[in-house]
Amino acid sequence: MIVVKRVLAHSRSGECTLQALSTRKTRRRRGLIRWKRFHHLGMGVEYPEKVRWKCVRCTMCCQDTSMRKRCIRLLDEEISGIRAETGLKAEDFSIPFTHSPPYTHEMRKLDGRCVFLKDGLCSIYDARPITCVFYPFFLNRIDQELYRFELTPEKCVGLGIGHEVSEKQFVRLFNLATRRLKSEDDTEGT
Ligand code: SF4
Ligand code: SF4
């Protein structure tokens with residue numbers, strides 16, 4: 001649990017999955033959200049209540065937009081997973097990114113689009129980073145004991161349609177984050 005807290009503590013500075021909500025519009029939107037909470041691995045985790053979402057594959061989250069540059073951060077374990085999946089070298093698809101640990105790289109883009117976006121689809125879907133898996137949410141650290149799944153500031157067009165995102169889904173996302181981050185810690189120790 002200590003490990004999880006330590007690595008998640010780094011997450012606050014991210015601006016993609018873990019992006020700070022900055023626009024006035026987004027702050028207004030946050031004010032309307034009611035948060036529900038579950039406890040897991042000794043921590044509280046909040047998530048927005050009654051949010052409906054379905055990915056309509058618009059690919060907005062895989063590329064830069066007029067609102068902001070998309071930064072797709074990568075953990076070392078994710079780099080290894082993508083290399084195993086594609087046979088590529090790390091430098092073929094990523095750029096070192098050292099000022100927001102535990103992330104070590106960001107994804108390369110071509111013409112503002114992720115290098116793995118092919119014909120409107122993710123070509124490494126099963127190996128995609130948590131930055132992508134979490135979208136349109138990101139995990140924000142509120143304090144030592146509390147984390148919160150918030151909505152990214154740019155409005156994903158899939159919000160408001162589809163099924164309500166359940167607590168079970170947020171637990172699964174939180175488990176994925178802790179597994180990947182725990183793995184980073186194990187790697188550091190070997
Ligand atoms: S922006 Fe939203 S709807 Fe579009 S691809 Fe990303 S998650 Fe799916
Ligand atoms: S890894 Fe896949 S899901 Fe993530 S930005 Fe690239 S194409 Fe999109």
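Two strands pair if DSSP finds at least two bridges between them. The legends below describe a predicted model.

**View 1. Overall content of the predicted model.** The secondary structure of the protein amounts to 6 helices and 13 strands. The chain has 190 residues, of which 29% count as buried. Taking contacts between residues at least 6 apart in sequence, 70% join residues at least 24 apart.

**View 2. The hairpin of β11 and β12.** Strands β11 and β12 run antiparallel and are joined by 6 bridges. Together they form a hairpin, with 2 residues between the strands. Two pairs of facing residues can be located here: F138 stands opposite E150 in β12, and L139 stands opposite F149 in β12.

**View 3. The open sheet that contains the hairpin.** The sheet has 4 strands in the order β1-β2-β12-β11, and its pairing is mixed. At its edges stand β1 (35–40) and β11 (137–143); each has a single partner strand, so one side of each is left without a neighbour in the sheet. Direction ignored, neighbouring strands of this sheet are turned against each other by 25 degrees on average. Strands of a sheet pair through backbone hydrogen bonds, in either a parallel or an antiparallel arrangement. The parallel sense is found between β2 (residues 43–48) and β12, which pair over 3 bridges. Within this pairing, G44 has L146 in β12 as its bridge partner, whereas the pairing of β11 with β12 is antiparallel.

**View 4. The surroundings of E150.** E150 belongs to strand β12, which spans residues 146–151. This residue is buried, because 23 other C-beta atoms lie within 10 Å and the cut-off for a buried residue is 20 or more. Its partner across the hairpin is F138, which stands opposite E150. E150 and L139 are 11 residues apart in sequence, and their C-alpha atoms are 6.3 Å apart in space.

**View 5. The shell around ligand 1.** Ligand 1 is surrounded by C55, V56, R57, C58, T59, M60, C61, Y135, P136, C156, V157 and G158. Divided by class, these residues comprise 9 nonpolar, 2 polar and 1 charged.

**View 6. The shell around ligand 2.** The residues around ligand 2 are C62, I72, M107, C114, F116, L117, C122, I124, R128 and C132. This shell has 9 nonpolar residues and 1 charged residue, with no polar residues.

Technical notes. Residues numbered from 1 in each chain as written. Chains lettered and ligands numbered in written order. Predicted model: local features only at pLDDT ≥ 70, side-chain atom pairs only at ≥ 80, totals over all residues. Near = placed C-beta within 6 Å. Nonpolar A, V, L, I, M, F, W, Y, C, P; charged D, E, K, R; others polar. Buried ≥ 20, exposed ≤ 12 C-beta atoms within 10 Å, placed from the backbone. Axes fitted to C-alpha atoms, helices over the stretch in contact; angles between N-to-C directions. Contact = placed C-beta atoms within 7 Å.
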